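Colleague: Can you take me through this one? I'd like the strands, a helix and the empty spaces.

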Amino acid sequence: MIRINIIGAGRLGKTLAALARRSGRYRVQDVMTRGADSAAAACAFIGMGRAVTEWADVSAADLYLLAVPDAAIADCAQRLAAAGVPAGAVVFHASGVSGSELLRPAAARGAHIGSLHPAFSFADPAVALENFSDVLCALEGDAEACAALRELAQAIGGRPFELADGGKPAYHAALSVASNYLVTLTAIARHLAGQGGVPEELITPLLGGLMRQTLENALALGPQAALTGPIARGDASTVALHLQVLDDEGLRAVYQALGRQTAALAGERLSEPARRQVLSALGAAEDSGPVQSLAG
Ligand SMILES: NC(=O)c1ccc[n+]([C@@H]2O[C@H](COP(=O)([O-])OP(=O)(O)OC[C@H]3O[C@@H](n4cnc5c(N)ncnc54)[C@H](OP(=O)(O)O)[C@@H]3O)[C@@H](O)[C@H]2O)c1
């Protein structure tokens with residue numbers, strides 16, 4: 001049995017611990033929080049483990065999960081290293097944006113360090129426990145940590161994959177753009193539909209059908225093939241009309257920035273003169289800086 005200690009047993013910590021116990025391959029050993037009540041409640045949820053509140057009482061294990069809030073990870077790694085962590089043990093956290101660099105104090109004591117980020121919401125641990133299946137889990141860290149975390153992810157029903165060294169912030173930015181900015185774009189589109197006089201009760205069906213179809217196309221065909229609309233057609237006069245009705249500075253800036261990216265995405269579908277006309281309608285001077293080609 002692989003021994004795992006859980007430092008921080010909130011929504012994610014206690015759910016991963018319960019899944020590890022259920023797999024039959026892990027023994028959940030110490031469950032540490034700052035409050036005795038929360039540690040005891042977490043042990044009850046997990047169905048295994050010893051409630052601990054002091055670093056000095058944390059016993060030796062094969063794996064240590066630091067499932068504390070992101071801002072507390074570095075401090076907890078420091079405290080764990082000071083309390084003692086066996087050489088060869090694996091210390092990991094579950095933050096989406098930071099990498100194993102937060103755990104360097106443990107590495108200095110001979111531990112292997114890594115991170116395992118499940119792309120999943122643990123808002124309600126009881127629900128998460130029942131629904132955690134085939135969840136993509138991003139791994140990074142040293143080779144030994146990644147091997148141990150791959151085994152853990154598979155045992156709990158996850159689908160592990162490895163990130164590039166230092167890839168965590170870009171990985172997390174990808175998730176934020178895909179989910180948060182999609183919501184922001186929905187809000188902007190709703191605002192413009194309302195400005196144009198679309199009846200309130202028709203805004204959701206009007207935009208929803210188009211947005212679902214477009215997302216399906218972008219995912220199935222790839223972004224470049226899925227691109228339609230005035231910019232992909234080189235229709236500069238339509239772009240100019242759009243900008244005339246955007247009276248808010250912030251919305252204009254968003255439209256212009258996304259328009260430039262969209263022109264770059266259209267790539268060879270736009271002739272050079274059409275590309276110049278579209279960029280000019282977008283108010284983007286030739287010297288307004290390079291745009292990343294997203295066409296690949
Ligand atoms: N929740 C999600 O859906 C989700 C998804 C993916 C990744 N994550 C990641 O998982 C990690 C944990 O997030 P969470 O949502 O599970 O947090 P959470 O529900 O707020 O739980 C945090 C836990 O850490 C304990 N804790 C806080 N500070 C501590 C400290 N200094 N020493 C020891 N224990 C401490 C808390 O208990 P006490 O207050 O009693 O000490 C609590 O048990 C974060 O890195 C987060 O980014 C979360």
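Modeller: What follows covers strand pairing, one helix, then the pocket and the cavity. Keep in mind that this is a predicted model.

Colleague: Start with S1. Which way does S1 pair with S2, parallel or antiparallel?

Modeller: Parallel, over 5 bridges, with S1 at residues 2-7 and S2 at residues 26-32. The chain gets from S1 to S2 through helix H1, residues 11-23, and this β-α-β crossover is right-handed.

Colleague: And how many bridges between S1 and S4?

Modeller: There are 4, again in the parallel sense, and S4 spans residues 63-66.

Colleague: What stands opposite Ile4 in each of those strands?

Modeller: In S2 the residue opposite Ile4 is Val28. In S4 it is Leu63.

Colleague: Switching to H2. Which of its residues are buried?

Modeller: H2 runs over residues 36-46, and its buried residues are Ala39, Ala42, Cys43 and Ile46. They sit on the same side of H2, because they cover an arc of only 100° around the axis.

Colleague: Why would that spacing line up?

Modeller: An α-helix has 3.6 residues a turn, so residues three or four places apart point the same way.

Colleague: What is exposed on the other side of H2?

Modeller: Asp37 and Ala44 are exposed there.

Colleague: And what covers the buried residues of H2?

Modeller: The cover includes H1, S2 and strand S3, which is 50-52.

Colleague: What follows H2?

Modeller: Gly47 does, and its phi is positive, near 85°.

Colleague: Now the empty spaces. What volume does the largest pocket have?

Modeller: About 2300 Å³. It is lined by 41 residues, and the closest to its centre are Leu185, Thr214, Leu227, Leu258 and Thr262.

Colleague: Which elements give two or more residues to that lining?

Modeller: Helices H7 (168-195), H8 (200-221), H9 (223-226), H10 (230-233), H11 (236-245) and H12 (249-266). The largest share, 11 residues, comes from H8.

Colleague: How many cavities of 30 Å³ or more are there?

Modeller: The structure holds 1. The volume of the largest cavity is about 40 Å³.

Colleague: What lines the largest cavity?

Modeller: Ile4, which stands opposite Val28 in S2, is one of the lining residues. The others are Ile6, Leu16, Ala17, Ala20, Leu65, Phe92 and Leu152.

Colleague: Which elements give two or more residues there, and which has the largest share?

Modeller: S1 and H1 each give two or more. The largest share is from H1, with 3 residues.

Notes: Residues are numbered from 1 along each chain as its sequence is written. This is a predicted model: local features need pLDDT of at least 70, side-chain atom pairs count only at pLDDT 80 or more; totals for chains, interfaces and linings use all residues. Side-chain values use heavy atoms; hydrogens and water are left out. Two strands pair if DSSP finds at least two bridges between them. A crossover is right-handed if, with the strands pointing away from the viewer, the path from the first strand over the helix to the second runs clockwise. Buried means under 20% relative accessible area, exposed over 50%, partly exposed in between (1.4 Å probe, protein chains only). The arc is that of the directions from the helix axis to the C-beta atoms. Contact means heavy atoms within 4.5 Å. On a 1 Å grid over the protein atoms alone, a cavity is a set of points where a 1.4 Å probe fits but cannot get out, and a pocket is an open set with protein on both sides within 12 Å along at least five of seven lines; lining residues have an atom within 4 Å of a point. Grid points are joined across faces, edges and corners, and a volume is the space filled by probe spheres set on the points.
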